[in-house]
Amino acid sequence: MRMKTKLLSLFLALAASVGTMFAEKVQIGDLYYNLNATDKTAEVTYESEWSNENYNGLTTANIPAAVTYSGTTYSVTSIGYGAFSNCSSLTSVTIPNSVTSIGWGAFSGCSSLTSPVYNAHIFAYMPESYSGAYTIPDGIESIAGGAFESCSSLTSVTIPNSVTSIGDQAFSGCFVLTSVTIPNSVTSIGSSAFSGCSSLTSVTIPNSVTSIGNYAFYNCSSLTSVTIGNSVTSIGYEAFSGCSSLTSVTIPNSVTSIGSSAFSYCSSLTSVESPAILFNEFDIFHLSNNEMPSQYKHLTITAGTLTEEGFDRIHASYRNLESVNLANAENTELSDEAFKGCYNLQTLRLPAGLKEIKYMAVAECVKLQAIDIPATVESICDRAFEDCRSMATVTFAGTAIQSIGSWAFYNCHALQNIVIPEGVTEIGDGAFYGCTYLADVSVPASARIIGDNAFALCSKMAKLTVNAVEPPAIAAKTFEEVSRTMPVYVPATSISAYMADPLWGQMNIIGSATAVETTGIAPAASKILRNGEVLILRDGKTYSIQGVEVR
């Protein structure tokens, strides 16, 4: 009851305010006016609202710049909402330059008007029967709501540089409109301005535009190309919904607000470039009902930080994504399972400032072919790239990384070589388990632990280089099913330490290629231990680890 009382009080206050602004509706000559007693202005209004009896029989409307009533002069500054609606006998209208606004539908249903209605400020009405192309006169500042609505034979429109706004439903229902030129003077495009323009094939929204209204290009089913200027800050609800021929869209970083379902039912849309905020905060593809376009394939995040909700919305199309570019995203971590199971993902560029790749972030991306780890990454978490079976190349850009998690590259069958960067101290359990084509591995001097099964089932491994002076801790199955005759190159000064280790000692430990080459001796093939001294056998000769021939 209290709420109802408050609403009633608010309504009465609003009514009182309107009553003060337009004290009375009066007839002066042939027309009716709403008079504003406060600022002495007048608005042309209807005789009978939205009625076929509205100004019945009126053929000519000569709107004066001012009217006088009860001794007071009022400047005529506007033509109100639906003022001449359904006035079927009206053939001509004269609008003075004092008029600065024309309400929506002011001339709707004026079927006898044979020429456009405008003054120096406003283009108000185009007869629905008009056929062909039309150039709006210079000097017009705004296109009123519904000005060209349902002009079903209008093929093209040229808008002059004087126009600053395109009103609601201005070109709605212009079914054969194929082209429109929007000048740099326009700052806003109204709601439903081009809705239903089913023959419109392309549109460029200039940098001057800051807002695109609700349904602005709704059901423009032939629209294949749209360029959105970099000053647009808001895109309305379902603004491009039903643009079924649209294949790609770039949303500028200036956009901070976009209505729900702005690109719903865009059934040909495959590529989107967008700032992260749009995926974080707005349901632009109507994801709540799983109506993201089934063919959605390419995504570029141009700025900002993707939240977990943003990743969830992107992940909704995981089956179809082929490429994702996050290079300009500001994320410092890739969230758990961010792209897990993106079966068709072939290329992925990670954020340039990324520090952590979290649990299963890129797991099961079975078509991903390569990955570049940014220089800022400090850790790759457990199972991060598990089952990326087509990934043949992993490149580390820097040395910030400290650890590679357990099973991080499990079953990455196509991986052929890996150079683990300096700075990594721990390679987790099963990190490269099942990388069956892995042939060449380099472990950094910083390595302290290589976990159990880390390189198990890497049956084609032909060379291992371990640059650590102190043998890293390993487990019995670290190199399970890896040939024990495979050469393991270690620092020349550390051979005895590796040989003395109960697990490393079971492998074919050889002085590093770099150390041997400095003495002019080719890399050794095998080694022996004589009286505690490590000797290297090569081509029937015996050498010390310093490269001196021993007889």
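This passage describes the confidence, strand pairing, side-chain contacts and charged pairs of a predicted model.

Confidence is a natural place to start. Across the protein chain the pLDDT averages 87, and 87% of the residues score at least 70. Two stretches deserve a more cautious eye. Over residues 1-22 the pLDDT stays under 50, and the model gives this stretch 9 contacts beyond four places in sequence. Residues 513-525 likewise have a pLDDT below 50, with 23 contacts in the model beyond near neighbours in sequence.

Turning to the strands, one open sheet is built from 5 strands in the order 33-35-37-38-39, and the pairing is parallel. Its edges are formed by strand 33 (417-419) and strand 39 (508-511), each of which pairs on one side only. On average, neighbouring strands of the sheet are turned by 20 degrees against each other, direction ignored. At the strand 39 edge, the partner is strand 38 (residues 487-490), and these two parallel strands are joined by 4 bridges. Within this pair, V488 stands opposite I509 of strand 39. As a reminder for anyone tracing side chains here, those of a regular strand alternate between the two faces of the sheet.

Another set of pairings can be followed through strand 10. Strand 9 (residues 117-118) and strand 10 (residues 122-125) run antiparallel and are joined by 2 bridges. Together, strand 9 and strand 10 make a hairpin, with 3 residues between them. Y118 has F123 of strand 10 as its bridge partner. Strand 10 also pairs with strand 12 (residues 142-143), this time in the parallel sense and again over 2 bridges. There, F123 has I143 of strand 12 as its bridge partner. F123 can therefore be used as a handy landmark when moving through the model, since DSSP bridges link this residue to Y118 and to I143, under a rule that needs at least two bridges for strands to pair.

A closer look at one residue of strand 16 gives a picture of its packing. I189 lies in this strand, which spans residues 188-189. What surrounds I189, once residues up to four places away in sequence are set aside? The residues touched are I166, I182, F194, I205, V209, S211, I212, G213 and A216. With a relative accessible area of 2%, I189 falls under the 20% limit and is therefore buried. A further reference point is F217, 28 residues away along the chain, whose C-alpha atom is separated from that of I189 by 9.9 Å.

The cysteines come next. How many disulfides does the model contain? The count comes to 0. C197 takes part in none, and its nearest cysteine sulfur, in C174, is 5.1 Å away. C197 is also buried, at 0% relative accessibility. For C412, the closest cysteine sulfur is that of C435 at 5.2 Å, which is too far for a bond because a disulfide needs the two sulfur atoms within 2.5 Å. C412 is likewise buried, with 0% relative accessibility.

The charged side chains, by contrast, do form pairs, and the count comes to 4 salt bridges. One of them joins K297 and E322, with an N to O distance of 3.9 Å. This pair links distant parts of the chain, 25 residues apart: K297 sits in the loop between helix 2 (277-281) and strand 24 (298-301), while E322 sits in the loop between helix 3 (308-315) and strand 25 (323-325). K297 is partly exposed, at 30% relative accessibility, and E322 is partly exposed as well, with a relative accessible area of 24%.

Two other salt bridges involve residues 383 to 389, including that of R383 with E386 and that of D387 with R389. In the pair of R383 and E386, the closest N and O atoms are 2.3 Å apart. Is R383 buried or partly exposed? At 28% relative accessibility, R383 counts as partly exposed, whereas its partner E386 is buried, with a relative accessible area of 8%. For D387 and R389 the N to O distance is 3.3 Å. Here D387 is the buried partner, with a relative accessible area of 12%, and R389 is partly exposed, at 44% relative accessibility.

Methods: Residues are numbered from 1 along each chain as its sequence is written. This is a predicted model: local features need pLDDT of at least 70, side-chain atom pairs count only at pLDDT 80 or more; totals for chains, interfaces and linings use all residues. Side-chain values use heavy atoms; hydrogens and water are left out. Buried means under 20% relative accessible area, exposed over 50%, partly exposed in between (1.4 Å probe, protein chains only). Contact means heavy atoms within 4.5 Å. Axes are lines fitted to C-alpha atoms, for helices over the stretch in contact, and angles run from 0 to 180 degrees between N-to-C directions. pLDDT is the predictor's confidence in each residue, from 0 to 100.
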